[in-house]
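Grab a coffee and open the viewer. Here are a few exercises to work through, each with a solution.

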Amino acid sequence: SEKFEIEELKSSDSGKIIWIITIPKHSPRLPVYAHNRSWQRIGDSLVEMRQERLISILNEPIITEDWSATIVPQATIEDLDANAIEKARREYAKRNPHKAEELQAWDNAKFLDKARLTIRGKITYTSLILLGREESEFLLNPFVAKIRWSLRNANSIENKDYEILSIPFILSVDKLYNKIRNVKYRLVRPESLFPDEMLRYDMFNIREPLNNAIAHQDYTKCARIEVVEYEDDRLIFQNHGHFLPQSIEDVIKKDCPESIYRNPFLVEAMRNLNMIETEGGGIKKMFQKQSIRYFPLPEYNLDNNIVRVEII
């Protein structure tokens, strides 16, 4: 019932027996029980499951449907932006250099399937979010795919400026980055009299939370992704949907990527298009980027099923 499998093979030359053991991930909210107790592996040891791990498993979110993989029947490849497709091709080649040569021979339809943006040539919500023409936004109705950038004084809630960016997000993220006032900053380290000159925000610490917000937004909430810039002070990125890992501390301590995603089809496409980390660990890297600059660490607020990260 747990899909645990053992396959026995016998080598033809030596007659030796080889066992191939397939150990599946536990089912959501179901620890592995034996002799009426739950178990986990720590290092090379099998031990009775620790209470915090048991609680973590019992509280796992159950995602039964991938909204981002939904096919939009009335949409066609003509609803995708030509410049966005060209940008996607360039980024795919960077992320998959071993396929760069054969990529040249693929037509757009084949490329979109290979990059996991379409399913057998059918346009998905993922295709529209990342590559859709702005005029094709109506195909997402009633759902919303927009990013609102707001500029404020450091201690004000009034907007000095704002802009609402629409699809295609693969182009909108660069437009938003160019909006942010990322001026030079001189840092004098304790061990040297010679200052370092750097940008106020590490580019990764803008790219990662913004693309994470796109990847993990709950689009069924029909809300915008928010980016608020407080001049010369901090950036705030906000998306709707509860934080799937148990806590930020849990993510930082782990050296492996999360295995549960709200929009797995969208996440895979963004990985293929060089928009998010392949190996995971992006949040941990954000903390490291701030630390080496002697800047405050990112601050997360996960209240009210909204993920809000502040980069100071």
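**Warm-up: a hairpin**

Task: find out how many residues sit between β4 and β5 in their hairpin, and check the phi of Gly43.

Solution. Start with the turn: two residues lie between β4 and β5, which together make a hairpin. Gly43 is in that turn, and its phi is positive, about 65°. Keep in mind that you're looking at a predicted model. Next, look at the pairing: β4 (residues 37–42) and β5 (residues 45–48) run antiparallel and are joined by four bridges. To pin down one of these pairs, pick Gln40, whose bridge partner in β5 is Val47.

**Exercise 2: the open sheet**

Task: work out in which order the six strands of the open sheet are arranged, and which strands are at its edges.

Solution. Walk across the sheet and you'll read β9-β8-β12-β13-β15-β14, with mixed pairing. The edges are β9 (159–165) and β14 (299–301), each of which pairs on one side only. From one strand to the next, the twist averages 15°.

Now zoom in on β8 (residues 147–152) and β12 (residues 225–230): they pair in the parallel sense, over six bridges. Trp149 is a handy marker here, as it stands opposite Val227 in β12.

Finally, add the helices. α6 lies across β8, β9 and β12, at about 165° to β9. α7 lies across β8, β12, β13 (234–240) and β15 (306–311), and runs at about 15° to β13.

**Exercise 3: helix α2**

Task: compare the reach of α2 with its expected span, then list its buried residues and what covers them.

Solution. Helix α2 (residues 82–95) has 14 residues. Its first and last C-alpha are 20 Å apart, close to the 20 Å expected at 1.5 Å a residue. At the helix start, a side-chain oxygen of Asp81 comes to within 2.8 Å of the backbone nitrogen of Asn83.

The buried residues of α2 are Ala84, Ile85, Lys87, Ala88, Arg89, Glu91 and Tyr92. Their cover includes α3 (100–103), α4 (108–114), α5 (125–131), α6 (169–179) and α9 (264–272).

**Exercise 4: the core**

Task: which residues touch the most other members of the largest nonpolar core?

Solution. This core has 57 residues, and the ones to pick are Phe111, Leu130, Leu131, Ile147, Phe169, Tyr219 and Leu273. Helix α7 (residues 204–216) supplies the largest share, six residues. Now take Phe111: beyond its neighbours within four places in sequence, Phe111 is in contact with Ile85, Ala88, Arg89, Tyr92, Leu103, Trp106 and Leu273.

Conventions: Residues are numbered from 1 along each chain as its sequence is written. This is a predicted model: local features need pLDDT of at least 70, side-chain atom pairs count only at pLDDT 80 or more; totals for chains, interfaces and linings use all residues. Side-chain values use heavy atoms; hydrogens and water are left out. A nonpolar core is a set of buried Ala, Val, Leu, Ile, Met, Phe, Trp, Tyr and Cys residues joined through side-chain atoms within 4.5 Å. Buried means under 20% relative accessible area, exposed over 50%, partly exposed in between (1.4 Å probe, protein chains only). Contact means heavy atoms within 4.5 Å. The expected span of a helix is 1.5 Å times one less than its number of residues. A polar contact is a pair of N or O atoms within 3.5 Å; within protein, one must be able to donate a hydrogen and the other to accept it, and residues adjacent in sequence count only if both atoms are side-chain atoms. Two strands pair if DSSP finds at least two bridges between them. Axes are lines fitted to C-alpha atoms, for helices over the stretch in contact, and angles run from 0 to 180 degrees between N-to-C directions.
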